[in-house]
Amino acid sequence: MAVSLPSAVLPYADDVARAPSGSRTWRKFAHNPAALLGMLILLVVVGAALAAPWITRHDPATQSLIRRFTPPVWAPGGNAAYPLGTDQVGRDILSRIIHGARISLLVGVLAVVISVLVGVTLGLVSGFVGGRADTVIMTVVDITWSFPQILLALAFVAALGPSLVTVILVLGFTGWERYARVVRAEVLALREKDFIEAARAMGIGSARILLRHVLPNTFSSIVVLSTLQVAQAILQEAALSFLGVGSGRTYPTWGQMIALGRDFVSVAWWLPTFPGLAILATVLAINLVGDRLRDALDPRV
Amino acid sequence: MTAFVVRRLIRLLVVVIGVTLVTFAILHASGDPVALIMPEAPEADRAALRQALGLHDPLAVQFARFVGRALTGDFGASFFHRVPAFGLVMERMPTTLLLTALSMTLALAIALPVGVYSAVRRGRAVDQLATGTVFLGQSMPVFWTGIMLILLFSVQWRMLPVSGWSSWASVVLPTATLSTFTAPLLLRIVRSSMLDVIGLDYVRTARAKGVSEWVVIGRHALKNAALPLVTVTGLQFGLLLGGAVITETVFAIPGVGRLIVGAIRQLDFPVVQAGVFLLAMIVVTVNFAIDLLYVYLNPQIRVR
């Protein structure tokens, strides 16, 4: 693509970042209060998700019609046993949010793992092999790019039958094109470098050059990109759940809680508000950490 | 120049074929779409539907037929509404495009001045505030933002309608919602394109010859920052349409997005395919137009 983009939007397009030594990266990272706050929030969210069955006071599925629409504890009529109130069938909102974190994080991380595997592989091949393979792969990237991702995910999740596995697979296989683009651009730049030339002159095979010399040099971009992509995947999963094609009704998810809460927004504001705040906090934390990682791993700054 | 346009046209054609293939695959992703559409029907009825849909033919034949029909705007009749799916989608297209255009305008009206100012005052309080807001905006699920706006403006203050698309008052909240999704994205692009330009020699020269600061920014810098701005905005168009789909669902707006979401729940595949295909075609067209515009605006390529 003969288009020059502003550096902060596609920061890896032309330049190749070399990972600086670990301690310097960490110092630059830790220097930023926003990133530390993000880290802290993330630790809380991950910890809560892992420990969900042991730290929640109520079963997320237990209904209690006498307790329905209990407001949060600080509002009149609140009950200390239900700090964030209860929903339309009397389920504890806080417990459901904590359990919902499991789905969000699981989908976010696994979908990105799939995207990274597919995108990095295709990007490496596209950039290193070039020629016809490059044309084909980049055309597929262009095609994928032409669909609003959420729409494509929506259609395929519905057709394949909504389930946790389907959501992960579909988000994974519709979100890889960014990795392919970035890795390809980096490989194209790296290919001309002296150390690759030297490796080739030593008679090292293509596959080995690719895996031992090219791939490690793209790691920092991949780390940054995938961190930010986890945030996107969490938002996408929430949107799918909200639109009714999520991972099913058996386990609470944040998007589904907001969808149910929308119908009761005039009588119980807390129903959609708190799950949304949970998404906001989690995604914001990941974005803060990811953005700082980008600055810390980029030797130019 | 001509060679470039021809290459782009060929690429456009290939992408359109690819988009058609992906749309075609939606129906077949389930394995047996008929089992999804009528799970409890007797086998005889299912066989009849399979026959009617031509599902017995080889996939290649089916695909060729699908392409042929798609080119003439024929995606079959909606299973649910019993009228051509294409018409259903086209009826609702103006609403979706209006929503997208309105929120793009609002988002640009915010992002352009704030982004430029933020770049000029890089690192100052204004810039940090703007950057913080961008982070916040990019981390909010768009459907939740919509519900929160409903909660405040419709439920709490009773100023604006909860849903619909019939009056100008009902347009306000959806437009604002979609803008909270779009504006941070644009603001980031404006800011970084300006920052890329502001440090260049010719800007310094303009300053050195005594041109006033706002003329330097407005005339010299902004003009050159506009190119990447247009390009990246075009590249993000698919994302914006995706946001519109979700916003329509939140506010029950009779647009293409809501139609598709409804059709997906009813497994009304012709409507889903027609909707997804036509929205993708809009993205493809916009990207193509941006490509040409880029060549036209960029003298470096135009001369070649």
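The following exchange concerns chains A and B of a predicted model and the terms applied to them.

Modeller: This is a predicted model, in which local features need pLDDT of at least 70 and side-chain atom pairs count only at pLDDT 80 or more, while totals for chains, interfaces and linings use all residues. Residues are numbered from 1 along each chain as its sequence is written, chains are lettered from A and ligands numbered from 1 in the order in which they are written, and side-chain values use heavy atoms, with hydrogens and water left out.

Colleague: Why is A:Ile150 called buried?

Modeller: Buried means under 20% relative accessible area, exposed over 50% and partly exposed in between (1.4 Å probe, protein chains only). A:Ile150 has 7% relative accessibility and therefore counts as buried.

Colleague: Which residues is A:Ile150 in contact with, leaving aside its neighbours within four places in sequence?

Modeller: Contact means heavy atoms within 4.5 Å. On that rule A:Ile150 touches A:Gln236, A:Ala239 and A:Leu240, and also B:Gly242 and B:Ile246. A:Ile150 itself lies in helix 6 (residues 149–160) of chain A, where a helix is a DSSP run of H or I of at least four residues, numbered from the N terminus.

Colleague: What makes the pair B:Arg11 and A:Asp142 a salt bridge?

Modeller: The term requires a side-chain nitrogen of Lys or Arg within 4 Å of a carboxyl oxygen of Asp or Glu. The side chains of B:Arg11 and A:Asp142 meet at 2.6 Å, N to O, so the pair satisfies the rule. Across the interface of chain B and chain A, one salt bridge is found.

Colleague: How much area do chain B and chain A bury between them?

Modeller: Buried area is the accessible area (1.4 Å probe) that two parts lose on being put together, summed over both. For chain B and chain A the value is about 4,700 Å², 76% of it on carbon and sulfur atoms. In chain B, the residues B:Phe135, B:Phe143 and B:Trp144 lose the most area to chain A, together 13% of what that side buries. The contact takes 60 residues from chain B and 48 residues from chain A.

Colleague: How many helices and strands has chain B?

Modeller: Chain B has 14 helices and zero strands, a strand being a DSSP run of E of at least two residues. Of the 304 residues of chain B, 50% count as buried.
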